[in-house]
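Student: Got a minute to go through this model with me? I'd like to start with the backbone and then move on to the charged pairs.

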Amino acid sequence: MSQHRNTGVTETPAAEAVQAPEAEERRAPNLIDEQHILDAAYELLLAVGMRRMTMADIARAADVSRATLYRRWRNVREVVATLMTREWTTLANAELDVTSGTARERLVGGVVRLVRASRDNRMLRKIIEVDPEFLLPYLLHRRGTNTTRQLELIEHGIRLGIADGSIRDGDVAARAESVLLTAWSFALTGPAMAEAPGQLDAIDDQLHELLERYLAP
């Protein structure tokens with residue numbers, strides 16, 4: 001990975017940004033597509049893991065200067081957090097966007113599919129295998145952007161279900177939180193419970209039944 005000549009001076013993010021103005025001439029900052037940078041960071045994360053990534057590595061992979069990166073993100077963790085938001089927004093929009101069936105059927109089926117897709121996601125699997133501590137603040141201490149977005153989607157599904165009579169009335173926010181917490185447990189802990197090939201499918205069937213019974217009138 002990146003190697004730096006030992007000059008006896010500790011290089012800080014600010015120092016990195018100041019030291020590389022000449023690279024900025026390759027491409028004007030306002031012309032650089034953020035998705036291009038995130039795509040490069042995504043491939044780097046899959047290759048080496050988050051802890052071995054540096055901002056310099058990401059800059060090289062994306063063919064931009066470090067100064068450009070520091071204008072948008074303060075460190076690697078923030079880059080990865082942006083990646084997570086992009087990845088989970090894409091997954092949630094794809095798996096929860098179903099038009100057939102009652103609102104309860106669409107919501108329950110979408111949540112189960114989202115759990116399955118999350119477990120199969122290459123980036124999440126890499127983070128769990130190599131840098132699981134990255135997830136702990138979002139699981140134990142605070143609600144992140146992804147959590148807020150997922151709750152909004154689930155709340156919307158619950159309201160639709162109440163409107164069409166397929167979901168019982170009640171506290172929408174509290175019920176959405178319960179659905180999401182249940183989904184997280186199946187997504188993150190499910191693989192540890194599956195001791196035989198195909199057992200995850202049976203576990204997902206149980207999640208489907210659990211949510212159906214919880215939300216039904």
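Student: What phi does Asp-63 take, just after helix 4?
Tutor: Asp-63 takes a positive phi of about 60°. Helices here are DSSP runs (H or I, at least four residues; strands are E, at least two), numbered from the N terminus. Keep in mind that this is a predicted model, where local features need pLDDT of at least 70 and side-chain atom pairs count only at pLDDT 80 or more, while totals for chains, interfaces and linings use all residues. Residues are numbered from 1 along each chain as its sequence is written, and side-chain values use heavy atoms, with hydrogens and water left out.

Student: OK, and helix 4 itself, how many of its residues are buried?
Tutor: Six of the eight residues in helix 4 (residues 55–62) are buried. Buried means under 20% relative accessible area, exposed over 50%, and partly exposed in between, using a 1.4 Å probe and protein chains only. The buried ones are Met-55, Ala-56, Asp-57, Ile-58, Ala-59 and Ala-62.

Student: Is there a record for that stretch? What does UniProt call residues 54–73?
Tutor: The unreviewed UniProt entry annotates residues 54–73 as "DNA-binding region". Such positions are given in the numbering used here, feature names are shortened, and annotations may be inferred rather than shown by experiment. In the model, residues 54–73 are 75% helix and 0% strand, with the end C-alpha atoms 12 Å apart.

Student: Switching to charges. Which residue does Arg-60 form a salt bridge with?
Tutor: Asp-57, with the closest N and O atoms 2.8 Å apart. A salt bridge here is a side-chain nitrogen of Lys or Arg within 4 Å of a carboxyl oxygen of Asp or Glu. Arg-60 and Asp-57 are three residues apart in helix 4, so about one helical turn separates them.

Student: And are those two buried or exposed?
Tutor: One of each. Arg-60 counts as exposed because its relative accessibility is 53%, whereas Asp-57 counts as buried at 4%.

Student: How many salt bridges does the count come to?
Tutor: Twelve. One of them joins Glu-212 and Arg-104, at 2.6 Å from N to O. Glu-212 sits in helix 12 (residues 199–215) and Arg-104 in helix 7 (residues 103–120), so this pair ties together parts that are 108 residues apart in sequence. Glu-212 is buried at 17% relative accessibility, and Arg-104 is buried with a relative accessible area of 17%.

Student: What about Asp-204, which side chain does that one meet?
Tutor: Arg-119, in a salt bridge of 2.7 Å, N to O. That pair links distant parts of the chain, with Asp-204 in helix 12 and Arg-119 in helix 7, 85 residues apart. Asp-204 is buried at 1%, and Arg-119 is buried at 9%.

Student: Which residues are linked in a network of salt bridges?
Tutor: Arg-51, Asp-131 and Glu-133.

Student: New topic, rings. Where does Arg-168 lie?
Tutor: Arg-168 lies over the face of Tyr-214, 5.2 Å from the ring centre. To count, NZ of Lys or CZ of Arg must be within 6 Å of the ring centre and within 35 degrees of the ring normal.

Student: Last one: where is Leu-188, and how exposed is it?
Tutor: Leu-188 is found in helix 11 (residues 172–193). Leu-188 counts as partly exposed, because its relative accessibility is 33%.
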